[in-house]
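User: Hey, can you walk me through this one? I'd like to get a feel for how it's put together.

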Amino acid sequence: MRKEDKGVIISQLADAVKQYGHFYLVDTTAMDAAATSDLRRKCFKAGIKLVVVKNSLLHKALLSLDVDYSPLFDSLKGTTSVMFCEVANAPAKLLKEYKEGVPALKAAYAEEGFYIGAEQLEALATIKSKNEVIADIIALLQSPAKNVVSALQSGGNTIHGVLQTLAERPE
């Protein structure tokens with residue numbers, strides 16, 4: 001492979017890391033062609049970009065970025081496929097469908113954290129995205145306001161009913 005071609009691939013990998021924000025390093029060595037094709041189809045349906053990479057080129061792409069990805073470097077051995085995604089737990093949920101441990105999780109970078117080793121799959125599957133956490137917080141904040149509004153409405157629309165409802169409210 002020519003040096004210019006390698007530079008293009010490194011640039012494309014770095015752009016994908018920046019664009020998606022979350023990625024998983026997966027070992028697909030033990031998969032035959034049919035199983036790999038099935039995995040690609042499932043990834044496409046789940047909005048996951050699956051790319052087989054050369055470890056040295058991915059290493060150089062990660063070095064070219066502002067974030068320190070060095071905890072992942074030891075995982076760049078053997079055959080490596082990268083699953084790029086916008087939802088941090090999507091690849092983990094997909095990988096959990098495969099009971100035999102093939103494809104095997106090597107490492108992941110999700111929600112600005114590093115997860116090294118196949119034993120991290122369960123933690124990755126249960127991770128909440130930032131949007132899910134924000135939705136939970138908003139629901140918690142809305143709950144007390146809804147209780148006050150419903151209490152005020154139960155007393156009727158008169159000032160006397162509102163005052164009575166507030167007076168009866170336990171402290």
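Analyst: Sure, let's go from the overall layout to the cores, a helix and the surface. Keep in mind that this is a predicted model.

User: Okay, how many helices and strands are there in the chain?

Analyst: There are seven helices and five strands. Starting at the N terminus, the order is α-β-α-β-α-β-α-β-β-α-α-α.

User: And what share of the residues is buried?

Analyst: 35% of the 171 residues count as buried. The accessible surface of the chain is about 10,700 Å², and carbon and sulfur atoms hold 56% of that area.

User: What about contacts between residues 24 or more positions apart?

Analyst: Taking the contacts with a separation of 6 or more, such pairs make up 73% of them.

User: Now the inside. Which residues touch the most other members of the largest nonpolar core?

Analyst: Those are Y24, L39, M83 and L124, in a core of 23 residues. Several elements give two or more residues to this core, including strand 1 (22-27), helix 2 (33-45) and strand 3 (80-85). Helix 4 makes the largest share, with four residues.

User: What else is there in the way of cores?

Analyst: There's a second, separate core of 22 residues, and L25, L57, F73 and F84 are among them. As background, nonpolar side chains tend to be buried together in soluble globular proteins.

User: Let's switch to helix 2. How far apart are its end C-alpha atoms?

Analyst: They're 19 Å apart. At 1.5 Å a residue, the 13 residues of helix 2 should span 18 Å, so the two values agree. Just after helix 2, G47 has a positive phi of about 75 degrees.

User: I clicked on R40. Where is that one?

Analyst: R40 is in helix 2. With a relative accessible area of 40%, R40 counts as partly exposed, because that value falls between the 20% and 50% cut-offs.

User: What does R40 touch, apart from its neighbours within four places in sequence?

Analyst: R40 is in contact with L50 and V52. As for M83, it sits 43 residues from R40 along the chain, and their C-alpha atoms are separated by 10.0 Å.

User: Last topic, the outside. Which residues make the nonpolar surface patch?

Analyst: V67, F114 and I116 make a patch of about 210 Å². I116 belongs to strand 5, which covers residues 113-116.

User: Is I116 buried, partly exposed or exposed?

Analyst: I116 is partly exposed, since its relative accessible area is 36%.

Definitions and conventions. Residues numbered from 1 in each chain as written. Predicted model: local features only at pLDDT ≥ 70, side-chain atom pairs only at ≥ 80, totals over all residues. Heavy atoms only, no water. Patch = residues over 30% accessible without salt bridge, like charges linked within 9 Å, V, L, I, M, F, W, Y side chains within 5 Å. Areas by Shrake-Rupley, 256 points an atom, 1.4 Å probe, with all protein chains shown as cover. Salt bridge = Lys/Arg side-chain N within 4 Å of Asp/Glu carboxyl O. Buried < 20%, exposed > 50% of the residue type's maximum accessible area, 1.4 Å probe, protein only. Core = buried A, V, L, I, M, F, W, Y, C linked by side-chain atoms within 4.5 Å. Expected span 1.5 Å × (residues − 1). Contact = heavy atoms within 4.5 Å.
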